[in-house]
Amino acid sequence: MKAKPGFGRASRTTRRWGNVAAFLLWALFVLISVTAVGEVIRGVAVGCVAYFVYRVWIVGAWFCRYQREGVRLAKAGKTEEALGAFERSEQFWVRWHWLDQARAPLLGSNSRWPFAWTAQFNQANCLAAMVRYLEALNVADRLV
């Protein structure tokens, strides 16, 4: 059965060109490393390690720290603290909006939704979990 045109597009979580841009960031790390090292095999290895360090420790542990903290707290059942972490995450990404807009080529993230929106969505989920439905709807309305 063939789906209607446009069906399912809203549920896609990645951008088409975001995959390419995220790959190009990795390729740039590898290219620079191959050039710096002067050998292809070692350069590729160094580039992969450098990209891994960048993605895990700089992007994951620094830029996305409040998001990760909020998810950890929400899974532990500490919804009030998770809400605060997601609010800090939104404030961070609103302040650094240009970085959020260029998340694929600069951060290697191919997410379709801006990180600030993800933080708002998680805030609405926390508020709904705390049975504060009207506040959750107000936060969710900001997403539209």
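## Arg132 and its partners

Let's start with Arg132, which counts as partly exposed at 28% relative accessibility. This is a predicted model, so keep in mind that every value here is computed from predicted coordinates. The side chain of Arg132 meets that of Glu80 in a salt bridge, with 3.6 Å from N to O. That pair links distant parts of the chain: Glu80 sits in helix H4, while Arg132 sits in the loop between helix H7 (115–129) and helix H8 (133–141), 52 residues apart. Glu80 is partly exposed too, because its relative accessibility is 48%, and the cut-offs for that class are 20% and 50%.

## More salt bridges

How many salt bridges does a search of the whole structure find? The count is six. As a bit of background, side chains of opposite charge can pair when their charged atoms come close.

One of the six joins Arg88 to Glu69, whose closest N and O atoms are 3.2 Å apart. Arg88 belongs to helix H4 and Glu69 to helix H3, so this pair ties together parts that lie 19 residues apart in sequence. Both ends are partly exposed: Arg88 has 33% relative accessibility, and Glu69 has 25%.

Another salt bridge brings together the side chains of Glu90 and Arg142, at 3.4 Å from N to O. Here Glu90 is in helix H4 and Arg142 is in the segment after H8, so the pair ties together parts that are 52 residues apart in sequence. Is Glu90 buried or exposed? Glu90 counts as buried because its relative accessibility is 13%, and the limit for buried is under 20%. Its partner Arg142, at 44%, is partly exposed. Salt bridges can also share partners, and that is how Glu80, Arg132 and Glu135 end up joined in one network.

## Helix H4

H4 keeps turning up in those pairs, so let's look at the helix itself. Its 17 residues should span 24 Å at 1.5 Å a residue, and the end C-alpha atoms are indeed 24 Å apart. The buried residues of H4 include Thr79, Ala82, Leu83, Gly84, Ala85 and Phe86. Further along the helix, Ser89, Glu90, Phe92 and Trp93 are buried as well.

What do the buried residues of H4 pack against? They pack against H2, H3, H5, H6 and H7. Leading into this helix is Lys78, found in the loop between helix H3 (65–75) and helix H4 (79–95). Lys78 is partly exposed, with a relative accessible area of 43%. Its C-alpha atom is 9.5 Å from that of Cys126, although the two residues are 48 places apart along the chain.

## Helix H7

Cys126 takes us to H7, where it is one of the buried residues. Others on that list include Phe115, Ala116, Ala119, Gln120 and Asn122. H7 has 15 residues and reaches 21 Å from its first C-alpha to its last, close to the 21 Å expected.

The buried residues of H7 pack against H3, H4, helix H5 (97–101), helix H6 (103–107) and H8. After H7 comes Val131, which has a positive phi, near 60°.

## The nonpolar cores

Which residues make up the largest nonpolar core? There are 12 of them: Leu25, Tyr51, Tyr54, Val59, Phe63, Cys64, Phe92, Trp93, Leu99, Leu107, Phe115 and Ala116. The elements giving two or more residues to this core are H2, H4 and H7. H2 provides the largest share, with four residues.

Take Leu25 as a member to explore. Leaving aside neighbours within four places in sequence, Leu25 is in contact with Tyr51, Tyr54, Pro105, Leu106, Leu107 and Gly108. Apart from this core lies another one of nine residues, among them Leu73, Leu83, Leu127 and Ala136.

## A nonpolar patch on the surface

Not every nonpolar side chain is tucked away in a core. Val49, Phe52, Val53, Val56, Trp57 and Ile58 make a nonpolar surface patch of about 570 Å². One of them, Trp57, is found in helix H2 (residues 40–63). Trp57 counts as exposed because its relative accessible area is 57%, and exposed means over 50%. So H2 gives four residues to the largest core, and it also holds Trp57 from the surface patch.

Terms used
Residues numbered from 1 in each chain as written. Predicted model: local features only at pLDDT ≥ 70, side-chain atom pairs only at ≥ 80, totals over all residues. Heavy atoms only, no water. Buried < 20%, exposed > 50% of the residue type's maximum accessible area, 1.4 Å probe, protein only. Salt bridge = Lys/Arg side-chain N within 4 Å of Asp/Glu carboxyl O. Expected span 1.5 Å × (residues − 1). Contact = heavy atoms within 4.5 Å. Patch = residues over 30% accessible without salt bridge, like charges linked within 9 Å, V, L, I, M, F, W, Y side chains within 5 Å. Areas by Shrake-Rupley, 256 points an atom, 1.4 Å probe, with all protein chains shown as cover. Core = buried A, V, L, I, M, F, W, Y, C linked by side-chain atoms within 4.5 Å.
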